[in-house]
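Thanks for asking me to look this one over. Here are my notes, in the order I would go through them with you at the screen.

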Protein chains: 2
Amino acid sequence: MSERSSFGPVEVRRQVFDTPFTFAAGTTLPQWELVYETYGTLNADRSNAILVCHALSGHHHVAGWYADNPKNVGWWDNMIGPGKPVDTNRFFVVGVNNLGGCHGSTGPSSLNPATGQPWGADFPVVTVNDWIRAQAQLADALGIEQWAAVMGGSLGGMQALQWAIDLPDRVRHALVIAAAPKLTAENIAFNDVARQAILTDPEFHGGHFYRHHTRPTRGLRLARMLGHITYLSDDQMAEKFGRKRRPDAGSYGFGVEFEIESYLRYQGDKFAGWFDANTYLLMTKALDYFDPAEPFGGDLAAALAGARAKFFVVSFSTDWRFSPARSREIVNALVKNQHAVTYAEITSPHGHDGFLMDDGYYHAVVAAYMRNIET
Amino acid sequence: MSERSSFGPVEVRRQVFDTPFTFAAGTTLPQWELVYETYGTLNADRSNAILVCHALSGHHHVAGWYADNPKNVGWWDNMIGPGKPVDTNRFFVVGVNNLGGCHGSTGPSSLNPATGQPWGADFPVVTVNDWIRAQAQLADALGIEQWAAVMGGSLGGMQALQWAIDLPDRVRHALVIAAAPKLTAENIAFNDVARQAILTDPEFHGGHFYRHHTRPTRGLRLARMLGHITYLSDDQMAEKFGRKRRPDAGSYGFGVEFEIESYLRYQGDKFAGWFDANTYLLMTKALDYFDPAEPFGGDLAAALAGARAKFFVVSFSTDWRFSPARSREIVNALVKNQHAVTYAEITSPHGHDGFLMDDGYYHAVVAAYMRNIET
């Protein structure tokens with residue numbers, strides 16, 4: 001068995017596309033770029049390529065680390081690497097930053113050629129379908145006709161599902177992890193509060209904060225604090241923080257007092273320090289819009305009728321953002337079509353964040369599935 | 001059977017207390033006031049009085065309406081009135097606005113005698129225990145030695161529980177509805193995001209926005225939007241709003257598009273238009289601090305050992321803010337003490353808001369309990 005260690009060091013690559021890209025929203029980019037990373041070696045048949053799609057705050061740096069910054073380890077490094085569940089000794093793995101992102105691909109902080117200024121809020125609202133079309137062009141550029149697998153967690157899992165629907169001949173396996181076939185009203189509600197926090201921040205300046213040399217950090221911080229509540233499970237919060245007070249806390253005031261407050265504020269501050277507010281808006285909107293069944297009258301089975309991939313659907317027992325019941329909706333729609341589907345419900349205390357965790361059983365299940373993917 | 005109609009018209013009363021009140025936080029008010037309303041007639045024995053405690057955004061206007069504003073109907077008018085579950089033909093019902101409130105009782109917008117300016121953020125953080133002590137002084141002023149019942153929903157139910165613990169000889173029945181024995185880390189987390197939204201609003205001015213002739217409406221609006229998500233059930237949101245779009249909605253933008261967004265923003269705007277931000281902070285902090293078991297090493301049964309009231313505990317099936325499991329914690333602690341307790345778990349689609357709804361079965365159960373209270 002291979003040593004279970006990190007891939008890396010890795011390098012960020014950049015692909016420039018000179019063919020115009022038209023978003024579902026209507027806007028056309030004459031030229032655009034995607035940043036990506038690769039891990040492992042593409043085989044002679046080009047049949048061992050795996051695309052990893054990122055979630056709301058993710059990016060192309062999925063595994064490994066950088067020679068000039070070894071502490072910057074990829075967000076799914078525990079899953080992807082030599083001897084890991086997604087074994088880079090067998091597979092050629094591609095991580096990509098999506099259009100609209102804030103990690104190097106064309107997005108709101110890129111220059112709008114029409115104005116010479118950053119796009120800001122004028123960057124088109126981007127959909128999961130848009131991302132699939134953009135990722136397909138990256139696949140073309142890399143000479144990958146068909147992915148061995150497309151995989152992702154949360155919004156990333158939704159992209160894997162959309163790939164199987166939109167480009168059925170180009171994906172052999174779809175790994176749909178901690179996802180849902182569409183957002184509920186409650187999911188949308190949480191996203192809208194987060195968006196309103198950003199949009200009403202006086203430093204947002206209608207999305208053109210770049211030119212005001214400021215950032216809507218207050219709104220972004222609130223959005224992230226709120227998001228974090230939905231990523232964790234009630235039980236995990238109870239166990240990790242409960243009603244514990246900070247040792248240095250005052251009382252009868254509005255400073256940090258409970259440990260959970262300290263944790264959330266820290267997470268919010270950290271995130272607000274680097275993430276782009278316009279990207280946050282775009283990502284939440286892509287989530288809200290995602291509903292592959294909509295063009296089929298709400299019938300998810302009909303939406304999936306043309307899919308040709310085999311599916312691996314994974315949910316986490318304490319995930320209340322996209323609960324196991326939501327994953328089972330996907331499984332049921334696949335079963336109705338007699339598509340091949342493997343479903344695993346992982347018992348985990350980590351809520352929605354379970355998909356990112358280094359959990360032995362979860363990883364063993366993914367590893368078992370991946371071993372059975374032929375290359 | 002009495003006609004089932006609204007009490008009223010009613011009048012707001014005001015009680016001025018010239019005895020100093022010292023908060024758990026340490027601050028002393030030399031003089032303070034409570035506004036309250038009463039419905040029904042106190043009997044000769046003064047044995048038919050019921051105190052209704054309000055929740056986060058509630059107040060003393062519990063039932064009836066005002067002669068000069070008949071549309072301003074009390075927040076629990078469906079529960080309290082002639083022939084209603086809490087029958088004002090039998091009972092003398094008292095509604096009170098708590099200290100720290102924004103409806104007339106001494107609170108953050110009252111003048112701080114030390115400065116001649118509104119208290120603002122300097123108003124002491126107030127606890128449930130403080131409220132019980134203040135309400136007891138109102139009972140003294142009204143000549144009520146012992147309440148036939150103290151009742152409330154949510155934070156109001158917590159006050160009913162605390163009454164039974166703190167002043168066991170002064171309450172014969174405690175109706176603890178849609179409450180919990182303490183907040184979880186997740187509950188506190190939601191409150192802290194709401195508080196941070198207010199505290200970081202540039203119009204908050206450290207809580208002294210009154211003197212700046214402004215109000216932190218952006219933060220208050222976000223706090224209320226977030227609160228609303230936790231008051232409703234996922235199922236109810238799905239049924240009422242689902243993924244429905246506004247008929248006049250644009251698309252691919254950040255305006256109102258989904259019905260749930262319209263609803264939440266409307267609720268947020270409405271609330272932000274009138275509620276006091278400092279009161280919101282105080283109420284959420286009172287919730288966070290509430291933990292009657294804490295002085296008893298976390299043992300709720302020990303906290304309730306000295307209680308002499310009979311208890312009526314009610315929960316709602318889809319309440320995820322304070323779920324039925326949380327009510328059962330209270331019931332179990334009472335059973336351990338062999339205290340008299342009646343427990344009803346109401347099947348309701350309305351989530352935490354269930355306690356405010358005009359639900360026939362719920363009201364029948366409350367009515368049955370109330371009929372067995374001797375006066």
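1. A word on terms before we start: two residues are in contact when they have heavy atoms within 4.5 Å. By that rule, 52 residues of chain B touch 52 residues of chain A. Please keep in mind that this is a predicted model.

2. Now the area of the interface. About 4700 Å² is buried between chain B and chain A, and carbon and sulfur atoms give 65% of that. If you want residues to click on, try B:R243, B:Y252 and B:F254: they supply 19% of the area that chain B buries against chain A, more than any other three residues.

3. How are the two copies arranged? Chain B can be laid on chain A by a turn of 180° with a shift of 0.0 Å along the axis, giving an RMSD of 0.0 Å. The two copies are therefore related as by a two-fold rotation axis. In addition, 100% of the interface residues of chain B are interface residues in chain A too, so the copies meet through the same surface.

4. Polar features also cross this interface. The rule finds 23 residue pairs in polar contact between chain B and chain A. On the chain B side, α3 (185-199), α4 (217-231), α5 (234-240), α6 (259-272) and α7 (277-289) each supply at least two residues. Helix α3(B) gives the most, with 11 residues. Sorted by class, the side of chain B that touches chain A has 29 nonpolar, seven polar and 16 charged residues.

5. Next, salt bridges between the chains. There are 12 across the interface of chain B and chain A, while the structure holds 44 over all chains. One to look at is B:K285 with A:E257, whose closest N and O atoms are 3.1 Å apart. A network of salt bridges links A:D192, A:R195, A:K285, A:D288, A:E294, B:R245, B:E257, B:E261 and B:R265.

6. Within chain B, B:R195 and B:D288 form a salt bridge at 2.6 Å, N to O. B:R195 sits in helix α3 of chain B and B:D288 in helix α7 of chain B, so this pair ties together parts that are 93 residues apart in sequence. Buried or exposed? B:R195 counts as buried at 1% relative accessibility, and B:D288 counts as buried at 0%.

7. Two further pairs in chain B are worth a look. B:D77 and B:K84 meet in a salt bridge at 3.1 Å, N to O; B:D77 is buried, with a relative accessible area of 10%, and B:K84 is buried at 9%. B:R218 and B:E203 meet at 3.7 Å, and here B:R218 is partly exposed at 29%, as is B:E203 at 27%.

How values were computed. Residues numbered from 1 in each chain as written. Chains lettered and ligands numbered in written order. Predicted model: local features only at pLDDT ≥ 70, side-chain atom pairs only at ≥ 80, totals over all residues. Heavy atoms only, no water. Buried area = accessible area lost by both parts, 1.4 Å probe. Salt bridge = Lys/Arg side-chain N within 4 Å of Asp/Glu carboxyl O. Polar contact = N/O pair within 3.5 Å; in protein donor to acceptor, adjacent residues only side chain to side chain. Helix = DSSP H or I, 4+ residues; strand = E, 2+ residues; numbered from the N terminus. Nonpolar A, V, L, I, M, F, W, Y, C, P; charged D, E, K, R; others polar. Least-squares fit on C-alpha atoms with pLDDT ≥ 70 in both. Buried < 20%, exposed > 50% of the residue type's maximum accessible area, 1.4 Å probe, protein only.
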